Amino acid sequence: MAVDSSLSPLGPPACEKDAKALKFIEETTRNADLVQERVLAEILARNAETEYLKRYKLGGATDRETFKSKLPIISYEDLQPEIQRIANGDRSPILSAHPISEFLTSSGTSAGERKLMPTIQEELDRRQLLYSLLMPVMNLCVPGLDKGKGLYFLFVKSETKTPGGLLARPVLTSYYKSEHFKTRPYDPYNVYTSPNEAILCPDSFQSMYAQMLCGLLERNQVLRLGAVFASGLLRAIRFLQLNWQQLVNDIRTGTLNPKITEPNLKSCMDGILKPDSELADFVSKQCGDENWDGILTRIWPNTKYLDVIVTGAMAQYIPTLEYYSGGLPMACTMYASSECYFGLNLNPMCKPSEVSYTIMPNMAYFEFLPYDPNSASRGDSMATRLVDLVNVEVGREYELVITTYAGLYRYRVGDILRVTGFHNSAPQFHFVRRKNVLLSIDSDKTDEAELQLAVENASKLLRSFNASVVEYTSYADTTTIPGHYVIYWELLVKDSANLETESVDSVMSQCCLAMEESLNSVYRQGRVADNSIGPLEIRVVKSGTFEELMDYAISRGASINQYKVPRCVNFTPIMELLDSRVVSKHFSPSLPHWTPERRR
């Protein structure tokens, strides 16, 4: 059947299904303000009898003016009492008239624990809708994706139940375990090498092993390689470095690694695996070479692009991915969080530095708070400054504020976005950063207050040596796989005679572990369960190093009166200065404590 290319100004669609998706994008973005008005009215009308909206006396009003004049702008902490009641089993319509179906655990934290985001069953439909738009856009940029498969490393993570019996789990785990994913219809443009049994296996080693094995077995079919985050794809590469010999043995003999014990996965893989000595020899030759430059395109030669998020904190992984991939394009396709799915990249093959996401106005009601890092404004004073979706200004930075169908009202997400342009009347944003986040390796987010507390707790161990931490800074070292936190300490030692080399090393290692124990549960899960973060490192620098740091900053124009020690550094000359003054390095000797969170 001929496809009418006039349906999409974005370009000629690959098939009739794509044409419908592209037409939807055009119509929705062209009428962005009307769609936003409708979305807000729907949310307010259906939830008019909820406890939260009645508290602010909306009286059933669904217009923007009443909404903006009566509802406050809130953060997670403001909503925590209501969320705790729902978690404890209160099924009355507190936030949403529709029943809360589960909680989605955010990578952001509150008081060291993951935030619980309420969701409702129909949100799966909304998320599925956004997913359904990704490949039609990608097909405009990369032809022929229906002629092969995608090797994607996708995983489920641990889930818990709240005291009231609701599941609490990450948004992607919720999606992968849903019928939307498990019984998705066949789409030649969106076929994975990994069977569902491998993706859904709860054991991270077995899941990764099976997904890597399937990818090797179908290496000539692979047209795209991906993971959710850039860090996840690098972990897969590191996994291959550590396990290629066993994988080769499986391929050569046609027998599965005995470490794969999960019954569904084992049965599935036994049906796939057949002896292939030619493939085994090939993989052995490639992986046995000390030079892994371009290893991805050597093993998977038909790969056209990498599908990974490399914006925000993930941008630090771009050089390493370029090395392993031989410079393959990196596509960032969508912008989403536990709170809400926001939009997609209409030019997914652009350079990572040029990625902009088009907000889809049907997903939620969006408002934008002009971002001023020096402003201490809170509460009602912010309300007058909020800007609607279609009224943002190109070049300005904003903090994202959302109102969702699931019962978040004027909720501050914490993302800082810069407006780069518009597609029709829908704005396009560059993701700048998470507000207040200093350090991030994977899905972890450590802010300045958390880092300060961790340093304070760890430095208590120095008291017996009559020593203390004078100054500190940090950076996320992504040259190792997995990446790890590096903390620079300058010490004040009142009696150096107390410090014998062996005892110092032992205490400093314990300081590393004490810092890790003080960091939030997302960080500790990354260390213990996901193996996505390496041991924390403390580098002790010479006395006077931080004065030199200040002198350097002043030489570059900083005011001596306003200078503050940066708690995180990523400017190469500063890092070179710090590293040239290091007198000793110490690593966390063991894993910090972590267990799946029990919701009180």
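Me: Before we look at any loop, how are helices and strands defined and numbered here?

Reply: Helices (H or I, at least four residues) and strands (E, at least two) are DSSP runs, numbered from the N terminus. In this structure, R410 lies in the loop between β14 (397-403) and β15 (411-423). Keep in mind that this is a predicted model, where local features need pLDDT of at least 70, side-chain atom pairs count only at pLDDT 80 or more, and totals for chains, interfaces and linings use all residues. Residues are numbered from 1 along each chain as its sequence is written, and side-chain values use heavy atoms, with hydrogens and water left out.

Me: What is the phi of R410?

Reply: Most residues other than glycine have a negative phi. R410 has a positive one, near 55°.

Me: And is R410 buried or exposed?

Reply: Buried means under 20% relative accessible area, exposed over 50%, and partly exposed in between (1.4 Å probe, protein chains only). R410 is buried, at 0%. N466 also has a positive phi, near 55°, but N466 is partly exposed at 37%. Look for N466 in the loop between α17 (448-459) and β19.

Me: Which residues does a cis peptide bond join?

Reply: Most peptide bonds are trans. Here I481 and P482 are joined by a cis one, with omega about -5°. P482 sits in the loop between β19 (467-477) and β20 (484-493).

Me: What does W300 touch?

Reply: Contact means heavy atoms within 4.5 Å. Leaving out residues up to four places away in sequence, W300 touches L151, M212, G215, L216, R219, V222, L225 and L240.
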